[in-house]
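Work through the exercises below with the sequence and the 3D structure at hand. Each task is followed by a solution in steps.

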Amino acid sequence: MQFEMLYSKIHRARVSDANLNYVGSITIDKELATSAKLLAGMKVEILDINNGKRFNTYVIYGDKKGEICLNGAAARKVQVGDVIIIVAYASYTQDELTTYKPTIVQVGENNEILSITNEV
């Protein structure tokens with residue numbers, strides 16, 4: 001049996017840009033994304049704390065420090081400055097759950113990494 005569990009999240013990131021004319025996805029500062037173990041192309045769920053919207057997209061790496069940019073149709077679901085949670089899930093077997101530890105990255109107002117923990 002497989003269990004879908006939290007894999008990682010970036011908690012309370014601030015949207016720095018929204019680009020309606022880009023092909024799609026969420027652009028995340030590469031250092032921040034890799035610290036959260038998010039891979040380019042990985043499906044993520046976006047939870048907008050300001051408006052309550054939840055939606056899915058995929059990750060692309062950005063070069064700008066602190067960049068969190070929603071692209072394409074997703075740009076219509078947020079406003080620059082909104083606080084969001086970026087969540088990824090993965091499937092685990094019962095045996096894998098014995099050592100299960102998701103990655104949680106807490107960020108500050110400019111999306112700088114404040115802490116990285118491995119617990120729910």
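A strand here is a DSSP run of E of at least two residues, and strands are numbered from the N terminus. With that in hand, Y58 is assigned to strand β5. The model is predicted.

**Exercise 1. Determine whether Y58 is buried or exposed, or in between, and find the surface patch that includes Y58.**

Step 1. Take the cut-offs: buried means under 20% relative accessible area, exposed means over 50%, and partly exposed lies in between.

Step 2. Y58 has a relative accessibility of 34%, so Y58 is partly exposed.

Step 3. On the surface, Y58 forms a nonpolar patch with Y22 and V23. Together the three have about 330 Å² of accessible area.

**Exercise 2. UniProt lists S25 for a modified residue; describe the surroundings of S25 in the model.**

Step 1. The record, an unreviewed entry, gives the feature as "modified residue: Pyruvic acid (Ser)". Such annotations may be inferred rather than shown by experiment.

Step 2. S25 belongs to strand β3, which covers residues 25-29.

Step 3. The relative accessibility of S25 is 2%, so S25 counts as buried.

Step 4. Leave aside the neighbours within four places in sequence. S25 is then in contact with T57, Y58, I60, C69, L70 and N71.

Step 5. For T57 there is also a polar link: a polar atom of the T57 side chain lies 3.3 Å from the backbone nitrogen of S25.

**Exercise 3. Find where the residues that UniProt lists for "binding site" lie, and decide whether they gather at one spot or not.**

Step 1. The unreviewed UniProt entry lists T57, G72, A73 and A74. They span 18 residues in sequence, but no two of their C-alpha atoms are more than 10.0 Å apart, so they gather at one spot.

Step 2. Place the residues on their elements. T57 is in strand β5. G72 lies in the loop between β6 and β7 (83-93), and A73 also has its place in the loop between β6 and β7.

Step 3. Compare accessibility with the cut-offs. T57 is buried, at a relative accessible area of 11%. G72 is buried as well, at 4%, whereas A73 is exposed, at 63%.

Step 4. List the contacts, not counting residues up to four places away in sequence. T57 touches S25, I26, M42, K43, V44 and I46. G72 is in contact with N19, L20, Y22 and G24.

**Exercise 4. I26 is one of the residues that T57 touches; work out how I26 is packed.**

Step 1. I26 is found in strand β3.

Step 2. With a relative accessibility of 0%, I26 counts as buried.

Step 3. Beyond the neighbours within four places in sequence, I26 is in contact with V44, I46, T57, Y58, V59, I60, I68, C69, L70, N71, I84 and I86.

Step 4. For a distance across the chain, take K77. I26 and K77 are 51 residues apart along the chain, and their C-alpha atoms are separated by 12 Å.

**Exercise 5. Which backbone atoms does the side chain of N111 reach?**

Step 1. N111 sits in the loop between β8 (103-107) and β9 (113-117).

Step 2. N111 is buried, because its relative accessible area of 4% is under the 20% cut-off.

Step 3. The N111 side chain reaches the backbone nitrogen of R14 at 2.7 Å. A polar atom of that side chain also lies 2.8 Å from the backbone oxygen of G66.

Step 4. R14 and G66 appear in the contact list of N111, which also includes A13, L32 and I68 once neighbours within four places in sequence are left aside.

**Exercise 6. Describe the position of K65 and identify the side chain that joins K65 in a polar contact.**

Step 1. K65 is found in the loop between β5 (54-62) and β6 (68-71).

Step 2. The relative accessible area of K65 is 64%, so K65 is exposed.

Step 3. Not counting residues up to four places away in sequence, K65 touches D29 and E31.

Step 4. The polar contact joins the side chains of K65 and E31, at 2.8 Å.

Step 5. As a further distance, K65 and A36 are 29 residues apart in sequence and 15 Å apart in space, C-alpha to C-alpha.

How values were computed:
Residues are numbered from 1 along each chain as its sequence is written. This is a predicted model: local features need pLDDT of at least 70, side-chain atom pairs count only at pLDDT 80 or more; totals for chains, interfaces and linings use all residues. Side-chain values use heavy atoms; hydrogens and water are left out. Helices (H or I, at least four residues) and strands (E, at least two) are DSSP runs, numbered from the N terminus. Buried means under 20% relative accessible area, exposed over 50%, partly exposed in between (1.4 Å probe, protein chains only). Contact means heavy atoms within 4.5 Å. A polar contact is a pair of N or O atoms within 3.5 Å; within protein, one must be able to donate a hydrogen and the other to accept it, and residues adjacent in sequence count only if both atoms are side-chain atoms. Patches are made of residues with over 30% relative accessible area and no salt bridge: like charges are joined within 9 Å, nonpolar side chains (Val, Leu, Ile, Met, Phe, Trp, Tyr) within 5 Å. Accessible areas come from the Shrake-Rupley method with a 1.4 Å probe; for residues, only the protein chains shown count as cover. A salt bridge is a side-chain nitrogen of Lys or Arg within 4 Å of a carboxyl oxygen of Asp or Glu.
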